[in-house]
Amino acid sequence: MNIQWFPGHMHLTRNAIGERVKTIDVVIEMVDARLPASSANPMLRELLRARPNLKVLNKADLADPVRTQLWLDWYAQQQNTRAVAMDSHHSAPARALIEACLTLAPHRGGMDKPMRVLICGIPNVGKSTLINTMVGKRAAKAANEPGVTRQEQRYVLQDGFYLFDTPGVLWPRIIVAQSGYNLAAAGSIGRNAFDDELVALELLAYLQRHYPQALQARYGVADNVSALAEMRDDALFEAIARKRGALLPGNRINAQKAAELILQDFRSGALGRVTIETPEEFQQWLATGERL
Ligand code: GDP
């Protein structure tokens, strides 16, 4: 597998987070609800030094609610951890995080012992959006290029409640091949790290097994859902390309364009609410998958 990875800044971020965590009461780790394990950074756990951890399964509006519940149940079994699912554009769940932090660190929050919360997450997971929603104005730069280093910033949410943005860039750490494909499908790693066609084919194969009805509803390339589920993956890819007009002169398919269309449909939610990994599957990948 061809991965051009970005370990360059990683040690700087590790050191910066390690330093910052010393004066932090609660760490919010944002993950993508459609790929919660792959979008987490396992390094963070070592750095947390037993700090209470609030997992935010963000972009839950794009994820399969049944599977989101599976993930919430899974996190609930972990010590010192709470998990909530949300769409960080909405202010009510975002403000509810304040309550969750106070529950995790009940001795903090007040003028003499302010609550200090660090928000961590890989690029594009929605940190800026959440901060903007919580702070109530355009405080953080949203939707900037993944990986553009920002100055660490502190936001005052209310008296005695401070929010810190990730110092540096927390790249995902890919430990199994499938996580790489899932991160690429979500658009969370550099565009050149993976071949779009390969990523789209992997995504299609997964959706064909788990969400054939979503593919049929979006593309209608088979007579019915069971027929779609039976299609060979290259035949399915080609049928979608033709249906969506991703063609080259000579009626050949434009594989790059078709791949981009499919990935865009997944990222934007046009395929409906889908989640591309479950806790059980992720454990299985760790046990048997191609390790990187
Ligand atoms: P950051 O790199 O972690 O700061 O991520 P941003 O806040 O810039 O968000 C990246 C993209 O995801 C933007 O296009 C946001 O509008 C979008 N986004 C963030 N949170 C959510 C969410 O909860 N649901 C959906 N559907 N999109 C979101």
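These questions and answers go through a predicted model, from its domains to single residues.

Reader: Which residues make up domain 1 and domain 2, and how far apart do their C-alpha centres lie?

Author: The domain assignment gives domain 1 as 7-165 and domain 2 as 177-288. Between the C-alpha centres of the two domains, the distance is 29 Å.

Reader: Which helix gives the most to the side of domain 1 that touches domain 2?

Author: Contact between the domains involves 20 residues of domain 1 and 16 residues of domain 2. On the domain 1 side, six residues come from one helix, residues 65-76, and this is helix 3.

Reader: How many residues on that side of domain 1 are nonpolar, polar and charged?

Author: The residues meant here are those of domain 1 that touch domain 2. By class they are four charged, four polar and 12 nonpolar.

Reader: Which residues come nearest to the ligand?

Author: The ligand has 17 residues around it. By class, this shell has four charged, five nonpolar and eight polar residues. Helix 5 (residues 127-135) gives the most to the shell, with three residues. The nearest are Asp87, Gly126, Lys127, Ser128 and Thr129.

Reader: Where do the UniProt "binding site" positions lie, at one spot or not?

Author: The unreviewed UniProt entry lists Asn58, Lys59, Ala60, Asp61, Asn124, Val125, Gly126, Lys127, Ser128, Thr129 and Gly168 under this name. They span 111 residues in sequence, and their farthest two C-alpha atoms are 27.4 Å apart, so they do not all gather at one spot.

Reader: Is Asn58 buried or exposed, and which residues does it touch?

Author: Asn58 is found in strand 2. It has 28 other C-beta atoms within 10 Å, and 20 or more count as buried, so Asn58 is buried. Leaving aside residues up to four places away in sequence, Asn58 touches Met30, Val31, Asp32, Ala33, Met86, Ser88, Val125, Gly126 and Leu130.

Reader: Where does Val125 lie, and is it buried or exposed?

Author: Val125 belongs to the loop between strand 4 (115-121) and helix 5. Its contacts beyond four places in sequence are Met30, Val31, Asp32, Ser39 and Asn58. Because 28 other C-beta atoms lie within 10 Å, Val125 is buried.

Reader: Lys59 and Asn251 have positive phi without being glycine; which of the two counts as buried and which as exposed?

Author: Lys59, with phi of about 60 degrees, is in the loop between strand 2 (53-58) and helix 3. Asn251, with phi near 65 degrees, is in the loop between strand 7 (247-248) and strand 8 (252-253). Inside 10 Å, Lys59 has 26 C-beta neighbours and Asn251 has 7. Therefore Lys59 counts as buried and Asn251 as exposed.

How values were computed. Residues numbered from 1 in each chain as written. Predicted model: local features only at pLDDT ≥ 70, side-chain atom pairs only at ≥ 80, totals over all residues. Domains from an automatic or database assignment. Contact = placed C-beta atoms within 7 Å. Helix = DSSP H or I, 4+ residues; strand = E, 2+ residues; numbered from the N terminus. Nonpolar A, V, L, I, M, F, W, Y, C, P; charged D, E, K, R; others polar. Near = placed C-beta within 6 Å. Buried ≥ 20, exposed ≤ 12 C-beta atoms within 10 Å, placed from the backbone. UniProt positions renumbered as here; feature names shortened; annotations may be inferred.
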